[in-house]
Amino acid sequence: MIFESFNTALTAYFAAVFVLAVILGAVVNKTNFCTMGAVSDVVNMQDWGRMRAWFLAILVAMLGVILFEAAGLIDLSSTQPPYRRAQFPVVEYILGGLIFGIGMTLASGCGNKTLIRVGGGNIKSILVMVVLGIVAYYTINPIPGTEHNLRGLLVWWWSSPLAIEFSVAQDVGHVLAGPDNATGVRLMIGLALVAGVGWWIFRSAEFRSNRDNIVAGVVIGLCIALAWLVTDNIRLQDSWGDEHSLPGYVQEWDFVTDGEEAFRPASAGGVNTQSFTFIGPIAQTINYLARGADNAYLTFGVVSVTGVILGSLLWALLSRSFRVEWFVNGRDVLNHLVGAALMGFGGVMAMGCTIGQGVTGLSTLALSGFFTLGSIILGSALTMKIQYYKMLYDEEATFAKALITGLVDMKLLPGSLRKLEAL
């Protein structure tokens, strides 16, 4: 799609993102798609239905990306966030994923689920969204009165020396075959994963009979793949006939604009090639509102957050499921506040959340997605195990005993180390 006006191109960009976000929000609400819920179902009930739906979303998004790339329709070498960057801070992906997994369990859902609940009338999720957004913002940006952000103060100074520096992009195609054969290798590996994991997903008769889980996986995966396609294919033609991407046009603003543009975006990253993720975008939304809704700070993230909330609200109203919810007690408030802060910090460290890395990142076959997804699941599952044993045994279950027993339950420690008996 080639436009001659920046304003028209930007409007088309945001309109497409908004429509996809509304669909995403409505479908997630309708089908009760929840990544934390998927982990909880497996840990507490050995029910793999929603986990299969999550993996189906990954496969659909992945299939879309590898086919679009093979056909030359998209180029994900430079995205926001940079999933395929050569730098591989593995410690941050693992630690950030663990922290995020703990946080989403304490806060009763990930970033995406928080937005869904806001649209459905859950007032406590508004507080979670605000705290998450503020912490995420200052994990990226300098804390007022200082030159440092939270990531720099707490993590970067010791984790950066441990980062792996690839000579190529960190997706499996580049790492295994180099830049010349990366697309073909990604296609082969991606198709193998789609076939193998897809067989595991649909071998369950119970899953095949659950329409909501199938619809959730397919539609969410399609929304993520289509967002990649749309954001990478909006182009501008300047008065000299030269073609530019949206971020490229913004970066060359003083040389290519004709003076008719309504405003200049504050950052080219806000209109870059990207798909759905919800930690950075919630921080962008808080920043946008704090700046009086200045359109210079309107980004993919702000539009996607707004669209998801609206989509969820529309479905809640149509299905008459909209209801106002508040905290149960003071402990519930504390858990949600701590969980929100951990999600904001951990999500930035891991460069994404259960959707941002667990689906969108994995759709690019970036190595970071595999490490982050595993860490998020582990952090969430362990937190649930600890909560279970502390509830079951009360004062007898110290944190250490509950943690060790949880690791034994998950086959990560030998059974001889068990401290508490499961009932």
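Ala, Val, Leu, Ile, Met, Phe, Trp, Tyr, Cys and Pro count as nonpolar, Asp, Glu, Lys and Arg count as charged, and the others, Gly among them, count as polar. The exercises below apply this and a few other rules to a predicted model.

**Exercise 1. The largest pocket**

Task: Describe the lining of the largest pocket, and say which helix gives the most to this lining.

Solution. Begin with the space itself, which comes to about 850 Å³ in the largest pocket. The next step is to look at what surrounds this space: 39 residues line the largest pocket, and those that lie nearest its centre are Gln80, Ile140, Asn141, Gly280 and Gln284. Sorting the lining residues by the classes given at the start yields 18 nonpolar, 18 polar and three charged residues. Turning to the helices, at least two lining residues come from each of helix 6 (123-140), helix 7 (150-159), helix 14 (279-290), helix 15 (300-318) and helix 16 (330-349). Helix 14 gives the most, with six residues of the lining.

One of the residues nearest the centre, Gln80, also takes part in a cis peptide bond, which joins Gln80 to Pro81 with omega at about -5°. Pro81 itself is found in the loop between helix 3 and strand 2 (87-88).

**Exercise 2. An aromatic pair and a charge**

Task: Classify the pair formed by Trp48 and Trp200 as stacked, tilted or edge-to-face, and find which parts of the chain this pair links.

Solution. The model holds 17 aromatic pairs. For Trp48 and Trp200, the ring centres are 5.8 Å apart and the planes stand at 90° to each other. Planes over 60 degrees apart count as edge-to-face, so this angle settles the class, and the pair is edge-to-face. To place the partners, note that Trp48 is in the loop between helix 2 (35-45) and helix 3 (49-70), whereas Trp200 is in helix 9 (residues 182-202); the pair thus links distant parts of the chain, 152 residues apart. Trp48 is partly exposed because its relative accessible area is 38%, and Trp200 also counts as partly exposed, at 25%.

Compare Phe88 and Tyr93, whose centres are 5.3 Å apart and whose planes are 55° apart, which makes the pair tilted. Both Phe88 and Tyr93 are buried. Ring pairs can also join into a cluster, as they do for Tyr13, Phe14, Phe276, Phe278 and Phe300.

Finally, return to Trp200 and look over the face of its ring, where Arg52 lies at 4.4 Å from the ring centre. A second case is Arg291, whose charged end sits over the ring of Tyr297, 4.2 Å from the centre of that ring.

**Exercise 3. Edges of a sheet**

Task: Which strands stand at the edges of the sheet, and why is one side of each left without a neighbour?

Solution. Write down the order of the three strands, which is 1-4-5 in an open sheet with mixed pairing. Strand 1 (2-3) and strand 5 (243-245) stand at the edges, and because each has a single partner strand, one side of each has no neighbour in the sheet. As for the pairing itself, strands of a sheet pair through backbone hydrogen bonds, either parallel or antiparallel. Strand 1 pairs with strand 4 (residues 235-237) in the parallel sense, over two bridges. Within strand 4, Leu236 is the residue that stands opposite Phe3.

**Exercise 4. Positive phi and exposure**

Task: For Ser108, Leu365 and Ser416, decide whether each residue is buried, partly exposed or exposed.

Solution. The cut-offs needed here are under 20% relative accessible area for buried and over 50% for exposed, with partly exposed in between. Ser108, in the loop between helix 4 (90-106) and helix 5 (111-119), is partly exposed because its relative accessibility is 25%. The phi of Ser108 is near 65°, a positive value in a residue other than glycine.

Leu365 has a positive phi too, about 60°, although it is not a glycine. Leu365 lies in the loop between helix 17 (356-363) and helix 18 (367-393), and its relative accessible area of 0% means that Leu365 is buried.

Ser416 is placed in the segment after helix 19 (399-409), and since its relative accessibility is 69%, Ser416 counts as exposed. From C-alpha to C-alpha, Ser416 and Asn295 are 60 Å apart in space, and they are 121 residues apart in sequence.

Notes:
Residues numbered from 1 in each chain as written. Predicted model: local features only at pLDDT ≥ 70, side-chain atom pairs only at ≥ 80, totals over all residues. Heavy atoms only, no water. Phe/Tyr/Trp six-rings, centres within 6.5 Å; stacked < 30°, edge-to-face > 60°. Helix = DSSP H or I, 4+ residues; strand = E, 2+ residues; numbered from the N terminus. Buried < 20%, exposed > 50% of the residue type's maximum accessible area, 1.4 Å probe, protein only. Lys NZ or Arg CZ within 6 Å of the ring centre and 35° of its normal. Pairing = 2+ DSSP bridges. 1 Å grid on protein atoms, 1.4 Å probe; cavity = no way out; pocket = protein on both sides within 12 Å on 5 of 7 lines; lining within 4 Å. Points joined across faces, edges and corners; volume = space filled by probe spheres on them.
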